[in-house]
Structure formats: structure tokens, C-alpha cells
Amino acid sequence: MAKTATISMRVSPQIKADAESLYASFGMTLTEAINIFLHKSIMEGGLPFDVKQPRYNADTEAAMREARDIMSGKIPAESYSSAAEMFAALDE
């Protein structure tokens with residue numbers, strides 16, 4: 001029986017580079033880190049961390065809804081002729 005098996009997966013090059021750099025700072029390879037994750041998952045009987053939707057306060061959620069509405073064209077974006085005009089509007 002083989003001592004190892006190969007797992008092939010796709011990740012963005014930047015995520016791979018960032019993860020390699022992070023785990024190198026701990027003195028381990030990405031392969032070793034993935035093996036630790038898999039062993040811990042087996043020991044926990046699932047993901048070794050909580051999976052939750054992010055929770056934001058009401059102001060942040062309202063701002064996110066507004067940004068989505070602006071991006072989709074549901075509401076017009078505010079525009080200003082100068083930075084001074086923008087800051088004056090923010091101070092109101």
C-alpha cells in the first residue's frame with residue numbers, strides 16, 4: 001500500500017503564495033499544513049473551526065445594502081463637484 005496519496009486542488013495563485021509564506025513562517029510547508037488540517041478535521045469529526053455567516057451591526061448592514069443598490073443602479077450615487085462640497089455634505 002502506498003505511503004502517500006495525491007490530492008489535486010485549484011486555488012488562486014495569490015492565496016497559494018500567501019499560505020506558503022504564512023506556513024513557512026511557522027517552519028512548515030503547505031503540504032504539512034494541509035495534512036495538519038486534515039488530521040484535525042478527522043479528530044473533530046468535521047471542520048476544525050466554526051463556519052458562520054459574518055454578522056454586522058445595523059449601520060454596516062444598511063451601508064452594504066445601499067452600496068449594492070448603487071452598484072445595481074437601483075439608486076443613484078451621490079456626486080460632488082469638489083472635495084469641499086463632499087465634506088460639507090458629510091458634516092450635515
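Is Tyr23 buried, partly exposed or exposed? In this predicted model, whose residues are numbered from 1 along each chain as its sequence is written, local features need pLDDT of at least 70, side-chain atom pairs count only at pLDDT 80 or more, and totals for chains, interfaces and linings use all residues. Side-chain values use heavy atoms, with hydrogens and water left out. Tyr23 turns out to be partly exposed, because its relative accessible area is 26%; here buried means under 20% relative accessible area, exposed means over 50%, and partly exposed lies in between, with a 1.4 Å probe and protein chains only.

Tyr23 also leads to the aromatic pairs, of which the structure holds 2. Rings of Phe, Tyr and Trp (its six-membered ring) are paired if their centres lie within 6.5 Å, and planes under 30 degrees apart count as stacked, over 60 as edge-to-face and the rest as tilted. Tyr23 is paired with Phe26: the ring centres are 6.3 Å apart and the planes stand at 50°, so the pair is tilted. Phe26 itself counts as exposed, with 53% relative accessibility. The other pair joins Phe37 to Phe49 and is tilted as well, with 6.3 Å centre to centre and 35° between the planes. Because Phe37 belongs to helix H2 and Phe49 to the loop between H2 and helix H3 (58–72), this pair ties together parts that are 12 residues apart in sequence. Helices (H or I, at least four residues) and strands (E, at least two) are taken as DSSP runs and numbered from the N terminus.

Phe37 deserves a further look. At 33% relative accessibility Phe37 is partly exposed, and its ring partner Phe49 is partly exposed too, at 47%. Once neighbours within four places in sequence are set aside, Phe37 is in contact (heavy atoms within 4.5 Å) with Leu47, Pro48 and Phe49. Ser41, which also lies in helix H2, counts as buried, with 15% relative accessibility. With residues up to four places away in sequence not counted, Ser41 touches Gly46, Leu47 and Pro48. Leu47 and Pro48 thus appear among the contacts of Phe37 and among those of Ser41. As for separation in space, the C-alpha atoms of Phe37 and Leu22 are 14 Å apart, with their positions 15 residues apart along the chain.

Next come the charged side chains. Side chains of opposite charge can pair when their charged atoms come close. A salt bridge is a side-chain nitrogen of Lys or Arg within 4 Å of a carboxyl oxygen of Asp or Glu, and by this rule the count is 2. One of them links Glu20 with Lys16, whose closest N and O atoms are 3.0 Å apart. Both residues lie in helix H1, 4 residues apart, which is about one turn of the helix. Glu20 is partly exposed at 34% relative accessibility, and Lys16 is partly exposed with a relative accessible area of 40%. The side chains of Lys40 and Glu44 also meet in a salt bridge, at 3.0 Å from N to O. Because Lys40 and Glu44 are 4 residues apart in helix H2, about one helical turn separates them. Lys40 is partly exposed, at 33%, and so is Glu44, at 47%.

The model also contains open space. Rolling a probe the size of a water molecule over the atoms shows where empty space is left. On a 1 Å grid over the protein atoms alone, a cavity is a set of points where a 1.4 Å probe fits but cannot get out, whereas a pocket is an open set with protein on both sides within 12 Å along at least five of seven lines; lining residues have an atom within 4 Å of a point. Grid points are joined across faces, edges and corners, and a volume is the space filled by probe spheres set on the points. The largest pocket holds about 580 Å³ of space. It is lined by 17 residues, and the closest to its centre are Ile7, Met9, Leu30, Thr31 and Ile34. Helix H1 (13–25) and helix H2 (30–44) are the elements that give two or more residues to this lining, and H2 supplies the largest share, 7 residues. By class, the lining has 12 nonpolar, 4 polar and 1 charged residues; Ala, Val, Leu, Ile, Met, Phe, Trp, Tyr, Cys and Pro count as nonpolar, Asp, Glu, Lys and Arg as charged, and the others, Gly among them, as polar.
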